[in-house]
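Please open the model in your viewer and keep the selection panel at hand. The stops below go from the whole chain to single strands and helices.

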Amino acid sequence: MSLASLAPYPRVFMSAIFTCSSASAYYIAQYGIYIDAEMIVNVFATDTNEMMDLLSYKFIVYIAMLGIAPSIFLFYTCIDFQNTLGGTIKKVLLPMIGLVLAVAMIFPSMQTFASVMRNNKEIRYLVVPGNFVYGSLRVLGDAIANGSNNGAVTTLGDDVALGPAWGVASSKKPKPVLMVLVVGETARAQNFSLSGYHRDTNKNLKDKDIIYYSDVDSCGTSTAVSLPCIFSNLSRQKFSREDAANSENLLDVLKKLPLDVAWVDNNSGCKGVCANIDFSHVVSGGQFCDGDNCYDEALLGALDRPQLTDKVIVLHQSGSHGPAYYKRSPEGSKEYLPECRTNQLQDCTREEIVNAYDNSIAYTDLFVSKLIERLQVLSKDFDTAMIYVSDHGESLGESGMYLHGAPYFMAPEEQTKVPMLMWLGDAYTSRFGIDRDCLKNNASSNYSHDNVFSTVLGMLDIETKEKNRSLDIVGPCMAGNKAMKLSEAGYKHD
Ligand SMILES: [Zn+2]
């Protein structure tokens, strides 16, 4: 407070700190979340629907008692801020003396203290208000560094070209290609029965001829990180949101080809990934909507009577977005009951929370299956394929953690292991020379979001120096690697 009183409007500044602290304390206490720079970004990347899902009477009580009440007290208290040189020195000295005293008190048990801090780095993300002040300063610093970049964008894949499977060389014109990329939301691998979950949450998909990847790591633990990372050519180790924002991505590369590229959203937007391509949001009020809340089947409308052109469509689900999991599956489809019917997870039993979550996973299973069926119907006019991958997982109370967004180094597997699957139409596999059995044999290897960029280029037989062959999952299963040899010899398609 002593340092805060150096600010131009100390009372306003302190009230802001009280209010932000009360909100932080609420989320830490209720959901066991950790507040770092990424979490601050998530706060700003949210939309009103998402925000309403997180609000509750308890939240208002926290804000009123810990934020507004002390603020009122502050405004009605007569304070001599001592805006003199002596006063300023005092305000700086006071916290320094405090720090020295604190260190002196810790000193006798320094060894224990140091090792606890070293082994539990995440504790600092629980200290209010240091956590959000530090996080905000980092976000601000990044934004300034970004601003000084003058909006210069790194281009990617200017050499991009369609490979031989596009058959321009042959006389018979092939059918247009329709590839759908489903970006799932908050689905964790362990609750997919395809991953061995004890509940049959993949009733529909298990009968489809899909390739399921059982060991996939997410790039981040939040949408704001994972989404740009999935479409970026940067690996998780090298990824930063700033670099990604200043660079073209997979969709921009595809856009350089004679392909229609579109993004259809049933979530809170594409986090900047789709800035240069067609974007639309599902329209509320339709058949699959309950007021403003639309179930993911509404996304299938994107495949109604598509024009006969080569296209890549991204469908961005609301999936299992919490904490109001019960809103993610329509009434009448719910198999696991009773389910938690509030965003106040602490008011529900663990069983009710898991039930609501599993209902959303089962609904995603239904949605993806219906999508595959739709693509099967469309395969009389198109060569069709689909990839599904979730953006990150979710904690459902394991070790006292809920939701997601934990710093990656300490994030549990519930938040980082995501389901991924692929479906390829018969005509698609023969045209692109893909061996499904080969894909299935490799499906239990460890993959990650890092693989998506090069795999999508690989399975579409698209050549560019940005494609990293070692990350292309499909490449090694394409016809005798003949096409690859050709391209390595400098094949260029016009
Ligand atoms: Zn997400």
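**Two domains and their contact**

Begin by colouring the two domains separately: the centres of domain 1 and domain 2, taken over C-alpha atoms, are separated by 37 Å. Domain 1 covers 4-147 and domain 2 covers 161-488 of the protein chain, with bounds that come from an automatic or database domain assignment. Residues are numbered from 1 along each chain as its sequence is written. This is a predicted model, in which local features need pLDDT of at least 70 and side-chain atom pairs count only at pLDDT 80 or more, while totals for chains, interfaces and linings use all residues.

Next, look at where the domains meet: 24 residues of domain 1 are in contact with 21 residues of domain 2, a contact being two residues whose C-beta atoms, placed from the backbone, lie within 7 Å. To see the domain 1 side, select helix H1 (10-31), helix H2 (37-44), helix H3 (48-54) and helix H7 (130-147), the elements that each give two or more residues to it. That side divides into nine nonpolar, seven polar and eight charged residues; here Ala, Val, Leu, Ile, Met, Phe, Trp, Tyr, Cys and Pro count as nonpolar, Asp, Glu, Lys and Arg as charged, and the others, Gly among them, as polar.

**The whole chain**

Now show the full cartoon, in which the protein chain has 16 helices and 14 strands, taken as DSSP runs numbered from the N terminus (H or I, at least four residues, for helices; E, at least two, for strands). The radius of gyration, 26 Å, is close to the 23 Å that the globule rule gives for 494 residues, so the chain is as compact as a globular protein of that length; the radius is taken over C-alpha atoms, and the rule is 2.2 Å times the number of residues to the power 0.38. Buried residues make up 41% of the 494 residues, where buried means that 20 or more other C-beta atoms, placed from the backbone, lie within 10 Å of the residue's own.

**The open sheet**

Select the eight strands that form an open sheet in the order S5-S4-S8-S2-S9-S12-S3-S13, with mixed pairing; two strands pair if DSSP finds at least two bridges between them. Strand S5 (278-281) and strand S13 (447-448) stand at the edges with a single partner strand each, so one side of each is left without a neighbour in the sheet.

Then centre on strand S8 (residues 311-316), where five of the six residues are buried. Strand S2 (residues 177-184) pairs with S8 in the parallel sense over six bridges, and Lys311 in S8 is the bridge partner of Leu178. Strand S4 (residues 260-265) also runs parallel to S8, joined by six bridges, with Val264 standing opposite Leu315 in S8.

Moving to the S13 edge, strand S3 (residues 211-217) pairs with S13 in the parallel sense over two bridges, and Ser448 in S13 is the bridge partner of Asp217.

**Two helices to compare**

Is helix H15 (residues 450-459) mostly covered or hardly covered? Helix H15 is mostly covered, with 10 of its 10 residues buried, among them Phe453, Val456 and Leu457. Just after H15, select Asp461, which takes a positive phi of about 50 degrees.

Finish at helix H5 (residues 85-106), whose 22 residues reach 32 Å from the first C-alpha to the last, close to the 32 Å expected at 1.5 Å times one less than the number of residues. H5 is hardly covered, as the count of buried residues among its 22 residues is zero.

Note on methods
Buried ≥ 20, exposed ≤ 12 C-beta atoms within 10 Å, placed from the backbone.
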